[in-house]
Structure formats: C-alpha cells, structure tokens
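User: Hi! I would like to go through this protein with you, one question at a time. Could you take me through it?

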Amino acid sequence: MRMIFLFIDGFGIGEDEESKNPLKSAKASNIQYILKNCKVFATDASLGVPGLPQSATGQTAIFTAQNASMILGRHLSGQPTVSLKKIITKSNLFSEIIKRGYRVTNSNVYREEYLVKMHDPKERRYRPSVTSVMTHSSKIAFRTVEDYKKGNGVYHDITGEILRNSGYDVEIITPEEAALRLYKISRDYDFTLFEHFMTDLVGHKADMEEASKVIEKLDLFIGALIKLIDFEEDVLIIASDHGNIEDVTVKTHTFNKVPTIIMGKVPQVTDLTVESLTDIMPFALQILDKK
C-alpha cells in the first residue's frame, strides 16, 4: 500500500451558494463528486482557541498532532516561529513514518533562492513553511528546478507557470501531466506529500473569477490523479488547515470546518475519526500501521 497526502491550504467546507463559493460555481465536478460520495470528515480548525484559524499553527497541528494554537495561546499566520519549529523538529508526520521503516518524499519543487535563504534567521521573505521544516528536519531531499525539468517534481501551482514567470526556463505542464508526475513519484515511496497553497493566496483576494480558475485547475489535477490510483491498493488523503477560498465575500480566513477526505484501502480496524486537525496525523499513521 502507498499513501499520497494532498495538503490544500485554505480549503474549507462552504455554503451551497454559487454567489460566494467557487467550489459550487466553478467547473469542479471531480471535487464535488468526492465531497458527496467519499469519506469526508468535517474537521475543526479552530482548535479551541478564539480567533480565525491560521496557517502556521494549523499546519503544525496537522503535521505534528500537537495543538499548536493552544500551546501558543493564539492562532499564528504565515510561517512557524522558533517555538513551533522546535515542536515540528521533535516529531512530525515524516519522521514518524520514517521511524516505522517506510520511504517518504516531498514531491514539491523548491526554487534555488528559497533553498539558499530559508535557514537565514534574518531572512523575512523566504522563511520556511511547516512542510519545509519537517522535510529538512527529517533529512528528506528537497526537489529542485532541475528535478522539475526532468519531470521528477511538481511545483506548488501545479502547472509551473509561476516558475516560468519567475524567470526559470521550464516547461508549463497541464494539470493532468502534473497528476501523472505525482503518481509516478509515489510509486517509489510509501508516503508522498504534495502541497498546494494557491487556494489560500487567491482566497485572500476575494475575487470569484480568480478563485474559480484556481479551483478548476485543482479539480483537473485531482480528477486525473484519482483515475491513476488503484484504490484497492493505495490511499489518498486530502486535508486543509483552515477555510478561505470557499467564501469569496471576505478576504480573511473563515471559521468553516475543513474537509479531511480519505479514499482507498483503509483497514477496517481503523477506528479513529478526524474531528480536529490534531487527529489527521494519528489517523494516517494508524492506516500505515495496519497495512
């Protein structure tokens, strides 16, 4: 059994209203089908702490099973602080899977300038994300632009347009080609992560047209991926840290619950539920432990 974990930033469960929710108004038949027909846990992102859920604490909760918001006493946006980095470095989803003897990879491609500057404490623009911290602390190789050129990595925007627009001489690929890349990468590992955060970035713009474009690209990517996966053998988990893009009437995050989606070969003895972000990592580990 292999597990693919899609982390989609800022992807909440919104209202069934086309005027505010691009998941309802855009061409998103694959996502809509999954939300209606697959195992979906409506997952709390507030973690018992007042205020809007945020990325640094929410992602730390997902990938360490620790209530980072409760530990800090607040929700923290952006990238993790020194205190959160200590939590991530001590134990995270990657390191725990590796301890069990499994092969783990991060399929995301990183630009050279990010890899060079991410560990500079004075750097503000290229501070490492939660997934970057756990990739580094778990001694997992980062995929580079050269890997992308060889078809051995996926950029966070799925198609690589941002890489091209940033001055890199790279091919822009289709969402379907990106899905095939991710699938092929996953064949060499027991656990493969892909992180997509355009949903959060565009959600903050509160622009229905832009949000719909992001959702439609994501939908094509997910649709192609689920056609490739043999769900009698493998597991796909889709998770998010907080709501955002599902409500374009506001430029902030939302209090909406987020979907934690499980597709594929889940052992019947798996009895955990995913009520909170802190339940996602234990759930994934139990599936791997029972395979």
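User: Happy to have it on screen. Where is Val248 found, in terms of the strands around it?

Analyst: A quick word first: this is a predicted model. Val248 belongs to no strand here, as its place is the loop that runs between strand 5 (235-239) and strand 6 (258-264). So the location you asked for is the loop between strand 5 and strand 6.

User: Is Val248 buried or exposed, and with what relative accessible area?

Analyst: The cut-off for buried is under 20% relative accessible area. Val248 counts as buried, because its relative accessible area is 10%.

User: Which residues does Val248 touch, leaving out those up to four places away in sequence, and how far is its C-alpha atom from that of Pro22?

Analyst: The residues that Val248 touches are Ser19, Lys20, Pro22, Ala206, Asp207, Met208 and Ala211. Pro22 and Val248 are 226 residues apart along the chain, yet their C-alpha atoms are separated by 7.6 Å.

User: Let's turn to Thr199. Why does Thr199 count as buried?

Analyst: Thr199 is found in helix 12 (residues 198-203). Buried means under 20% relative accessible area. Thr199 therefore counts as buried, with a relative accessibility of 0%.

User: Which backbone oxygen does the side chain of Thr199 reach?

Analyst: Not counting residues up to four places away in sequence, Thr199 touches Ile8, Asp9, Gly10, Val214, Ile215, Leu218 and Ile245. At 2.4 Å, the side chain of Thr199 reaches the backbone oxygen of Asp9.

User: How many residues of helix 8 are buried, and what covers them?

Analyst: The cover includes helix 3, helix 5 (82-90), helix 6 (93-99), strand 3 (104-106), helix 7 (112-117) and strand 4 (191-196). The buried residues themselves are Val130, Thr131, Ser132, Val133, Met134 and Thr135. Helix 8 (residues 130-137) is thus mostly covered, and its buried count is 6 of 8 residues.

User: Which residue just after helix 8 takes a positive phi?

Analyst: The phi angle there is about 60 degrees. The residue that takes it, just after helix 8, is Lys139.

User: Now the aromatic rings. How many aromatic pairs are there, and what is the geometry of Phe7 and Phe63?

Analyst: The structure holds 9 aromatic pairs. In one of them, Phe7 and Phe63 lie 5.7 Å apart, centre to centre, with 75 degrees between the planes. Planes over 60 degrees apart count as edge-to-face, and the Phe7 and Phe63 pair is edge-to-face.

User: Which parts of the chain does the pair of Phe7 and Phe63 link?

Analyst: Both Phe7 and Phe63 are buried. Ring pairs also join them with Phe5, Phe94 and Phe191 in a cluster. The two are 56 residues apart, and the distant parts they link are strand 1 (residues 3-8), which holds Phe7, and helix 3 (residues 55-64), which holds Phe63.

User: And the charged end of Arg181: which ring does it sit over?

Analyst: The distance from the charged end to the ring centre is 4.5 Å. The ring beneath Arg181 belongs to Tyr148.

User: Last one: what radius of gyration does the protein have?

Analyst: The protein has 14 helices and 6 strands, and buried residues make up 55% of its 291 residues. For 291 residues, a compact globule would have a radius of gyration near 19 Å. The protein agrees with that, at 18 Å.

Definitions and conventions:
Residues are numbered from 1 along each chain as its sequence is written. This is a predicted model: local features need pLDDT of at least 70, side-chain atom pairs count only at pLDDT 80 or more; totals for chains, interfaces and linings use all residues. Side-chain values use heavy atoms; hydrogens and water are left out. Rings of Phe, Tyr and Trp (its six-membered ring) pair if their centres lie within 6.5 Å; planes under 30 degrees apart count as stacked, over 60 as edge-to-face and the rest as tilted. Helices (H or I, at least four residues) and strands (E, at least two) are DSSP runs, numbered from the N terminus. Buried means under 20% relative accessible area, exposed over 50%, partly exposed in between (1.4 Å probe, protein chains only). A charge sits over a ring if NZ of Lys or CZ of Arg is within 6 Å of the ring centre and within 35 degrees of the ring normal. The radius of gyration is taken over C-alpha atoms; the globule rule is 2.2 Å times the number of residues to the power 0.38. A polar contact is a pair of N or O atoms within 3.5 Å; within protein, one must be able to donate a hydrogen and the other to accept it, and residues adjacent in sequence count only if both atoms are side-chain atoms. Contact means heavy atoms within 4.5 Å.
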